[in-house]
Amino acid sequence: MAKITEITMSEAREMVRGAGLRGTSCRLSVLQYLSSATTPLSHAEVAEELDAHGYDKSTIYRSLVELAEAGLLSRFDVGDHTWRFEFRRGESQDEGTEHPHFMCVTCGKVTCMDDVDIKLKATNKKTYTDITEVLLKGHCRECG
């Protein structure tokens, strides 16, 4: 798996401003924290880390949603009614986000599968126009 490189605060500020948002300290901290994450994180997981820096949970949640709407983060639900957020590493909104995720059905941990290439071939395109996400479920090594 590729090494994750955290973006700098000035890179975060440039990305946020480039997306048409104000560079608030919370938005910058959220973006920088998620850039160093190796797995998609829930609001609770991000808040647990950034709460110690003085940000309240509602401000963190608003920042996550706004950054996702601006295309800087991916936001998805794996079926457990918990939004998870992931930093988008590509140049465009779609680039860098087309990797599958794995969810352990025992512990609920969600991980990126960057090293897995899944090819889907449509035999009947009458029922859908585009596949935007692939989620695999099973048991992780710890629960297996």
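Ser-42 counts as buried because its relative accessibility is 9%, where buried means under 20% relative accessible area, exposed over 50% and partly exposed in between, for a 1.4 Å probe and protein chains only. The model here is a predicted one, in which local features need pLDDT of at least 70 and side-chain atom pairs count only at pLDDT 80 or more, while totals for chains, interfaces and linings use all residues. Residues are numbered from 1 along each chain as its sequence is written, and side-chain values use heavy atoms, with hydrogens and water left out.

Ser-42 sits in strand S1; strands (E, at least two residues) and helices (H or I, at least four) are DSSP runs numbered from the N terminus. Setting aside neighbours within four places in sequence, Ser-42 is in contact with Thr-82, Trp-83 and Arg-84, contact being heavy atoms within 4.5 Å. S1 belongs to an open sheet of 3 strands, ordered S1-S3-S2 with antiparallel pairing. Its edge strands, each paired on one side only, are S1 (41-42) and S2 (73-77). Between S1 and S3, which run antiparallel, there are 2 bridges; two strands pair if DSSP finds at least two bridges between them. Leu-41 has Phe-85 of S3 as its bridge partner.

The loop between S2 and S3 holds His-81. What sets the backbone of His-81 apart is a phi near 65°, a positive value in a residue other than glycine. Most residues other than glycine have a negative phi. His-81 counts as exposed because its relative accessibility is 74%.

Stepping back to the whole protein, there are 4 helices and 6 strands, and from the N terminus on the elements run α-α-β-α-α-β-β-β-β-β. Of the 144 residues, 35% are buried. Among contacts with a separation of 6 or more, 53% are between residues 24 or more positions apart.

Helix H2 is a good place to look inside. In H2, 9 of the 11 residues are buried, so the helix is largely enclosed by the rest of the structure. The buried set is made up of Cys-26, Arg-27, Leu-28, Ser-29, Val-30, Leu-31, Gln-32, Leu-34 and Ser-35. These buried residues of H2 pack against H1, S1, H3, H4, S2 and S3.

One charged member of that set deserves a closer look: Arg-27 (charged residues being Asp, Glu, Lys and Arg, nonpolar ones Ala, Val, Leu, Ile, Met, Phe, Trp, Tyr, Cys and Pro, and the others, Gly among them, polar) lies in helix H2. Arg-27 is buried because its relative accessible area is 11%. Apart from neighbours within four places in sequence, Arg-27 is in contact with Val-16, Leu-21, Arg-22, Ser-63, Glu-66 and Leu-67.

Next comes the packing of H2 on H3. The axes of H2 (residues 25-35) and H3 (residues 43-50) come within 11 Å and cross at roughly 110°; axes are lines fitted to C-alpha atoms, for helices over the stretch in contact, and angles run from 0 to 180 degrees between N-to-C directions. The two helices, H2 and H3, are therefore roughly perpendicular to each other, a label for angles of 65 to 115 degrees, with those under 35 roughly parallel, those over 145 roughly antiparallel and the rest oblique. On the H2 side, the contact is made by Ser-29, Val-30, Tyr-33 and Leu-34, and on the H3 side by Glu-45, Val-46, Glu-49 and Leu-50. By class, this contact of H2 with H3 has 5 nonpolar, 1 polar and 2 charged residues.

The largest nonpolar core has 23 residues, of which Val-30, Leu-31, Leu-34, Ile-60 and Leu-73 touch the most other members. A nonpolar core is a set of buried Ala, Val, Leu, Ile, Met, Phe, Trp, Tyr and Cys residues joined through side-chain atoms within 4.5 Å. At least two residues of this core come from each of H1 (9-18), H2, H3, H4 (57-69) and S3 (83-87), and H2 gives the largest share, 5 residues. Beyond neighbours within four places in sequence, Val-30 is in contact with Val-46, Leu-50, Ile-60, Ser-63, Leu-64 and Leu-67.

There is also an open sheet of 3 strands in the order S5-S4-S6, with mixed pairing. Its edge strands are S5 (110-112) and S6 (135-138), each pairing on one side only. Neighbouring strands of this sheet are turned by 25° against each other on average, direction ignored. S4 (residues 101-104) pairs with S5 in the antiparallel sense over 3 bridges, and His-101 stands opposite Cys-112 in S5.
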